[in-house]
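Student: I would like a close look at one part of this protein, the salt bridges. Please place them in the fold and say how the residues around them sit.

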Amino acid sequence: MHHFISEKIRNVVLLSHSGAGKTSLAESILFNSGAVNRLGKVDDGTTVSDYEVDEVKRKISINLAILPCQWKDIKMNIIDTPGYPDFIGEVKAGLRVTEAAVIVVCAASGVEVGTEQVWKYTNDDNIPCLIFINKIDRENANFFSVLEDIQAKLGPRCVPLQIPIGAQKDFRGIVDLVSRKGYGGSPQAEIEVPSAIVGEVDKYRDKLIESVVEVDDKLISKYLEGESLTDDEIYSCLHKATQLRKVIPILIGCAIANKAIVPLMDAICNYLPSPMDRGAIAAVNVATGKDEKIEQTSESPLSALVFKTSTDPRAGRLSCFRVYTGTIASNSQVWNTNKNITERIGQLFVMRGKTQEAVSQLIAGDIGAVAKLTATATGDTLSSREFQLKLPPINFPEPVLSKAIHPKSRGDLDKMSTALPKIFEEDQTLRVDRDPDVGEMLLSGMGSTHLEVAADKLANKFGVDVVLEVPRVPYKETITASVKAEYKHKKQTGGHGQYGHVFLELEPLSRGAGFEFEERVVGGAVPRNYIPAVEKGVNEARLGGVIAGYPVVDVKATLYDGSSHPVDSSDMAFKIAGAQALKKGLSQGQPVLLEPIVSLTINVPDNYTGEIIGDLNSKRARVIGMSPTHGINVIEAQAPLAEILNYATDLRSMTQGRGTFITKFSHYEEVPTLIAQKIIAQKKSSE
């Protein structure tokens, strides 16, 4: 593939609800452009973009795929993204490095939850779009009902640029509403427009013209005065209106059968913006600390954003990046402004799925990859050391579901520590944390499928077999009454014996105060050199409470008296005495079980509010407040962690995927007696 100037590049992300046909569409685009010589199928596992083991097995996209191809004199960098909501991080990365999007809608299913979500993303960032109604030849496909659905849910700016000739299995082609010409067949050729749909053609053509002429004052006057517009004038308005997002053109076809895909490819080239059409970009000048506007030209200082990192056990790390300004060359050096380090650039590539094509350089607006950067991670900016720029990072969502991750064997434990960081490099929506209270490693992600895929990736790529389980809840114990406890550790075994004698006073503290140890021994009843041993014994004993062995918190233990023996006393004796005195006091202090409470912020459409509130009540949650805005209700609540371990799955099910939430640890509260009894019984039965 030869070099293209920035004006001849189109960076386009494919978006949709899962199963609408993005990957099949990408495959047809590659085939029609000549980038591949056969049409792969998702069901056969032969597509260019779905090449990972898990993608072939599950028949869904899991990772974004970069698919460059040339159409006429334009280079199209198509980015195929997953439709399944667990892999939203890939969608965010694809959106970040493209100027335009094609939103794919299934002709049988219409606008689905995922469609609404990706529409919101493009709307929020004002990204120009085309809508492609796919699978128009399917049974139950109905163009006009789907069009009505699109305009009702996504807005009246969505207007058809084509209407179909025939329906379902009789679909034969499309009519271009501007030229009034019909196209069909493979390879595509002009076909006759049936007389039966001429009226529909004229009706929708008028609506299209009404929508697009609003961007040109001269043409709108001409149109309102009843004069006819030339096709070129309409195309010109359509180009401008699409780039301003005043109009979202709707096209139709069938990707898997490669029908009516060529007009979509033409529309991508003719109506969607090049990098230069989007104007200057904002970047921080590291020297001044201020934002600057940098023109997206090859003559500007270099700035490139790494948006995807993949790791191959054999080939090493591969960094995919988008050049925003300037030029990057093979066998050169760049400056990582996030890490403040020089990176050596070896051979540059353009990726097409898993294949690599070597290139000598990449200019502003283009997308490529480089292997074996030492410190660079996803979200980092590459620039020149002389003129350091930093681009805004990719805003990845926070994980919403956690599972305990355990290695299957000792050998897997050793390998897991090196493999986990590598899959986190690949996927910025994964997290791993160790819960010190229960001693578990927690893997967090966007949903159960996301975590299962991560576990499969550990096995397939790095040979690490792991098990995912529901995490244990970090319960705590405390007391509700002040008590005094005495313990004398006395043992005579011949020779030196053991003697330690302590008096402890235990007092409950306020929630969140932790654990405190003090001493107010007078007269040397406990020699000063043994007090640290008492404290050590108390602190070790508090890690396993008397109810169910959970750590003790919100208690103040005070050593106030005791006695010693001039020969038999020792650090060990006083350590044992301190530990036993604490346990004795805890038993007498009306101990209770505490559970972690988290704050929930839930965003749901208004019509789901009642169901969400009912479900929260069943989870022992307290609703603190609600804030309805623009059809979305923001519900603030607090709930026991034990009740919401699978809330990501529950909320997705209740709201058909329309609800989102975030959690934050709030505090600990006493567990109700009946529930505490069950927890204690379960803990004892598992020991």
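Tutor: What follows starts with the whole chain, turns to the salt bridges, and then takes up some single residues.

The model is a predicted one. The protein contains 16 helices and 37 strands, and its C-alpha trace spans about 110 × 60 × 50 Å along the principal axes. Of its 687 residues, 53% count as buried. Among contacts with a separation of 6 or more, 72% are between residues 24 or more positions apart. The accessible surface is about 29,800 Å², and carbon and sulfur atoms account for 49% of that area. As for charge, there are 77 positive and 86 negative charges, and their mean positions lie 4 Å apart.

Now the salt bridges. Side chains of opposite charge can pair when their charged atoms come close. A search of the whole structure gives 34 salt bridges. One of them joins Lys75 and Asp366, with 2.9 Å between the closest N and O atoms. This pair links distant parts of the chain, 291 residues apart: Lys75 belongs to strand E3 (residues 74–80), while Asp366 sits in the loop between strand E21 (361–363) and strand E22 (367–371). Both Lys75 and Asp366 are buried.

Another salt bridge is formed by the side chains of Arg205 and Asp231, at 3.3 Å from N to O. Arg205 is part of helix H6 (residues 198–212) and Asp231 is part of helix H8 (residues 231–243), so this salt bridge ties together parts 26 residues apart in sequence. The two partners fall into separate accessibility classes because Arg205 has a relative accessible area of 8% and is buried, whereas Asp231, at 31%, is partly exposed.

Lys575 and Glu540 also meet through their side chains in a salt bridge, with an N to O distance of 3.2 Å. Here too the pair ties together two helices, because Lys575 lies in helix H13 (residues 571–588) and Glu540 in helix H12 (residues 531–541); the parts are 35 residues apart in sequence. Glu540 is partly exposed, with 41% relative accessibility. Beyond single pairs, Glu52, Glu426, Lys457 and Lys461 form one network through salt bridges that share partners.

A charged side chain can also be followed through its polar contacts, and Arg317 is an example here. Arg317 belongs to strand E15 (residues 316–325). It counts as buried because its relative accessibility is 18%, under the 20% cut-off. A polar atom of the Arg317 side chain lies 3.3 Å from the backbone oxygen of Thr374. Apart from neighbours within four places in sequence, the residues in contact with Arg317 include Thr309, Ser310 and Thr311, as well as Val370, Ala371, Lys372, Leu373, Thr374, Ala375 and Thr376. Glu425 is also among the contacts of Arg317.

Back at strand E3, which holds Lys75, the loops on either side can be described. Lys72 is in the loop between strand E2 (65–71) and E3. Most residues other than glycine have a negative phi. Lys72 has a positive phi, near 60 degrees. Its relative accessible area is 57%, so Lys72 is exposed. Asn340, likewise not a glycine, has a positive phi of about 55 degrees; its place is the loop between strand E17 (332–336) and strand E18 (341–345).

Thr81 is in the loop between E3 and helix H3 (88–96). Thr81 is buried, at 1% relative accessibility. Its side chain reaches the backbone oxygen of Leu14 at a distance of 2.6 Å. With neighbours within four places in sequence left aside, Thr81 contacts Val13, Leu14, Leu15, Lys22, Ser61, Leu64, Glu90 and Val91.

For a buried residue without a charge, take Ile250 in strand E11 (residues 248–252). Its relative accessibility is 0%, so Ile250 counts as buried. Ile250 and Cys129 are 121 residues apart in sequence, and their C-alpha atoms are 9.3 Å apart in space. Outside the neighbours within four places in sequence, Ile250 is in contact with Ile131, Ile133, Leu147, Ile150, Cys158, Val159, Pro160, Leu161 and Gln162.

How values were computed: Residues are numbered from 1 along each chain as its sequence is written. This is a predicted model: local features need pLDDT of at least 70, side-chain atom pairs count only at pLDDT 80 or more; totals for chains, interfaces and linings use all residues. Side-chain values use heavy atoms; hydrogens and water are left out. Helices (H or I, at least four residues) and strands (E, at least two) are DSSP runs, numbered from the N terminus. Buried means under 20% relative accessible area, exposed over 50%, partly exposed in between (1.4 Å probe, protein chains only). A polar contact is a pair of N or O atoms within 3.5 Å; within protein, one must be able to donate a hydrogen and the other to accept it, and residues adjacent in sequence count only if both atoms are side-chain atoms. Contact means heavy atoms within 4.5 Å. A salt bridge is a side-chain nitrogen of Lys or Arg within 4 Å of a carboxyl oxygen of Asp or Glu. Accessible areas come from the Shrake-Rupley method with a 1.4 Å probe; for residues, only the protein chains shown count as cover. Lys and Arg count as positive and Asp and Glu as negative; His and the chain ends are not counted. The place of a charge is taken as NZ of Lys, CZ of Arg, CG of Asp or CD of Glu.
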